[in-house]
Amino acid sequence: MANDQEIHDRLTRVEEIIEQLDADECDLDEGTRLHEEGQERLAEVREILDNGRGEVVELE
């Protein structure tokens, strides 16, 4: 679980994108754009974590 607003916002957007793609709410072009946006958001999260700017904690 993300304990960082920067990470949280990006992961929330990725979840929204996944829901849209799963629901078939878009055509191929929109689906491709959403996929690319999701990949960009995940890359940003990796960069935040790699640079030590974010904090991740595991909740039980």
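**Exercise 1.** Determine which residue forms a salt bridge with Glu30, and how far apart the closest N and O atoms are.

*Solution.* Step 1: apply the criterion, by which a salt bridge is a side-chain nitrogen of Lys or Arg within 4 Å of a carboxyl oxygen of Asp or Glu. Step 2: Glu30 pairs in this way with Arg33, and their closest N and O atoms are 2.9 Å apart. Step 3: both residues belong to helix α2 and stand three residues apart, so about one helical turn separates them. Helices are DSSP runs of H or I with at least four residues, strands are runs of E with at least two, and both are numbered from the N terminus. Step 4: Glu30 has a relative accessibility of 28% and therefore counts as partly exposed; Arg33, at 40%, is also partly exposed. The classes are buried (under 20% relative accessible area), exposed (over 50%) and partly exposed (in between), with a 1.4 Å probe and protein chains only.

The model is predicted: local features need pLDDT of at least 70, side-chain atom pairs count only at pLDDT 80 or more, and totals for chains, interfaces and linings use all residues. Residues are numbered from 1 along each chain as its sequence is written, and side-chain values use heavy atoms, with hydrogens and water left out.

**Exercise 2.** Describe the surroundings of Glu37, and decide whether this residue is buried or exposed.

*Solution.* Step 1: Glu37 is located in helix α2, which covers residues 28-50. Step 2: its relative accessibility is 13%, so Glu37 counts as buried. Step 3: the side chain of Glu37 forms a salt bridge with that of Arg33, at 3.3 Å from N to O. These two residues are four residues apart in helix α2, which means that about one helical turn lies between them. Step 4: when residues up to four places away in sequence are set aside, Glu37 touches Arg13 and Ile17; contact requires heavy atoms within 4.5 Å.

**Exercise 3.** State how many salt bridges the structure holds, and identify the helices joined by the pair Arg10 and Glu44.

*Solution.* Step 1: the structure contains seven salt bridges. Step 2: in one of them, the side chains of Arg10 and Glu44 meet at 2.7 Å, N to O. Step 3: Arg10 lies in helix α1 (residues 5-22) and Glu44 in helix α2, so this pair ties together parts that are 34 residues apart in sequence. Step 4: Arg10 is partly exposed because its relative accessibility is 22%, and Glu44 is partly exposed at 26%. Step 5: a network of salt bridges links Arg10, Arg13, Glu16, Glu30, Arg33, Glu37, Arg41 and Glu44.

**Exercise 4.** Explain how α1 and α2 are arranged relative to each other.

*Solution.* Step 1: the protein chain has two helices and zero strands. Step 2: the axes of α1 and α2 come within 9 Å and cross at roughly 155 degrees. Step 3: α1 is therefore roughly antiparallel to α2. Axes are lines fitted to C-alpha atoms, for helices over the stretch in contact, and angles run from 0 to 180 degrees between N-to-C directions. Angles under 35 degrees count as roughly parallel, over 145 as roughly antiparallel, 65 to 115 as roughly perpendicular and the rest as oblique. Step 4: the crossing of α1 and α2 is left-handed, meaning that the near helix is turned anticlockwise from the far one by less than a right angle (clockwise would be right-handed). Step 5: residues making the contact include Ile7, Val14 and Ile17 of α1, and Gly38, Leu42 and Ile48 of α2.

**Exercise 5.** Characterise Val14 and Ile7 of helix α1.

*Solution.* Step 1: Val14 has its place in helix α1 and counts as buried at 10% relative accessibility. Step 2: apart from neighbours within four places in sequence, Val14 is in contact with Gly38, Arg41 and Leu42. Step 3: the C-alpha atoms of Val14 and Gln39 are separated by 8.4 Å, although these residues are 25 residues apart along the chain. Step 4: Ile7, also in helix α1, is buried with a relative accessible area of 2%. Step 5: between the C-alpha atoms of Ile7 and Ile48 there are 7.6 Å, while 41 residues separate the two along the chain.
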